[in-house]
Amino acid sequence: LLKLAAFVIRLAGVAGVIATQSRAPTALLGLALVGVAILAVPLRALSLRGLVGGGLFALVAGAAVLVPNLDAVRARLFGDLAASIQFREEYNDAALAMWNEHPLLGVGPNNESLDLPFFAPRLASIVKQLEQFQSRADIRASAPVHNVYLLMLAEDGIIGLAAFLMLLFGTLRRGVYATAASEGAVRGICLGLCVGLVADFAQQGVDFSLWFDPS
């Protein structure tokens, strides 16, 4: 029953990530699933037969979704890729410039958007246009730098980033210990959460979802 519940939750999670149509999370999701499958067999959280069966199921299900929507998928992957990369690079440069002026403690919590006009006027105008949606979604910032580590660095300096990384790696460390100490379905779930955390931490290099208020 626990394995079945985990399987259903995994399907819901996969569907949710794909529905966002976000490139980096979808790619990292695929890598995470492969990573879980490879690690689960030697850890005896997944049988070899289950690995093969699950892999075939994933291939068939993926093909059933992708083939009818190839044109839309291709357009989403490459349509605005260059603009998206340029936008993130410009934001990263602005965040690093802020940190360079305030290396220890940054510009202050939630102050990144306030100082943005001094470092990137074009980006500041975009944020200004999005402010009308802040009250509707009840969020802290409409469009901060799309890299949570640089966001921490700009707002809280090297001290704040170090504290944030301590939190992330402390969580991951607990997950590794839990995986080693458990067995069966519980070990599989702990392993999946650990690999998922690693993928999420990697994805934060192009996003800020770990610092996004739930709405």
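Helices and strands are taken here as DSSP runs, of at least four residues for a helix and at least two for a strand, numbered from the N terminus. On this basis the protein chain of the predicted model contains 10 helices and zero strands. The order of elements from the N terminus is accordingly α-α-α-α-α-α-α-α-α-α.

The C-alpha trace of the protein chain extends over about 60 × 45 × 30 Å along its principal axes. The chain has 215 residues, of which 28% count as buried. Where contacts join residues at least 6 apart in sequence, 68% of them link residues at least 24 apart. The exposed area of the protein chain comes to about 13,400 Å², and carbon and sulfur atoms account for 69% of this area. The chain carries 15 positive and 16 negative charges, and the mean positions of these two sets lie 15 Å apart.

Helix H2 covers residues 23–40, a run of 18 residues. At 1.5 Å a residue, a span of 26 Å is expected for H2, and the distance between its end C-alpha atoms is 26 Å, so the computed and expected values agree. Seven positions of this helix can be listed as buried: Arg-23, Leu-28, Leu-29, Ala-32, Gly-35, Ala-37 and Ala-40. In an α-helix there are 3.6 residues a turn, so residues three or four places apart point the same way. Among the buried residues of H2 are Leu-28 and Ala-32.

Helix H9 spans residues 148–181 and includes Asp-156. The relative accessible area of Asp-156 is 18%, and this residue is therefore buried, the cut-off being under 20%. When neighbours within four places in sequence are left aside, the contacts of Asp-156 are with Leu-104, Leu-105, Gly-106 and Pro-109.

Two cysteines, Cys-190 and Cys-194, were examined for a possible bond. A disulfide is a covalent bond between the sulfur atoms of two cysteines. The cysteine sulfur closest to that of Cys-190 belongs to Cys-194, at 6.9 Å, which is too far for a bond. Likewise, the sulfur of Cys-194 has that of Cys-190 as its closest cysteine sulfur. Because a disulfide requires sulfur atoms within 2.5 Å, the distance of 6.9 Å rules out a bond here. A search of the whole structure likewise gives zero disulfides. Both residues are nevertheless covered: Cys-190 is buried at 16% relative accessibility, and Cys-194 is buried with a relative accessible area of 8%.

Definitions and conventions. Residues numbered from 1 in each chain as written. Predicted model: local features only at pLDDT ≥ 70, side-chain atom pairs only at ≥ 80, totals over all residues. Heavy atoms only, no water. Buried < 20%, exposed > 50% of the residue type's maximum accessible area, 1.4 Å probe, protein only. Contact = heavy atoms within 4.5 Å. Expected span 1.5 Å × (residues − 1). Areas by Shrake-Rupley, 256 points an atom, 1.4 Å probe, with all protein chains shown as cover. Lys, Arg positive; Asp, Glu negative; His and termini not counted. Charge placed at Lys NZ, Arg CZ, Asp CG, Glu CD.
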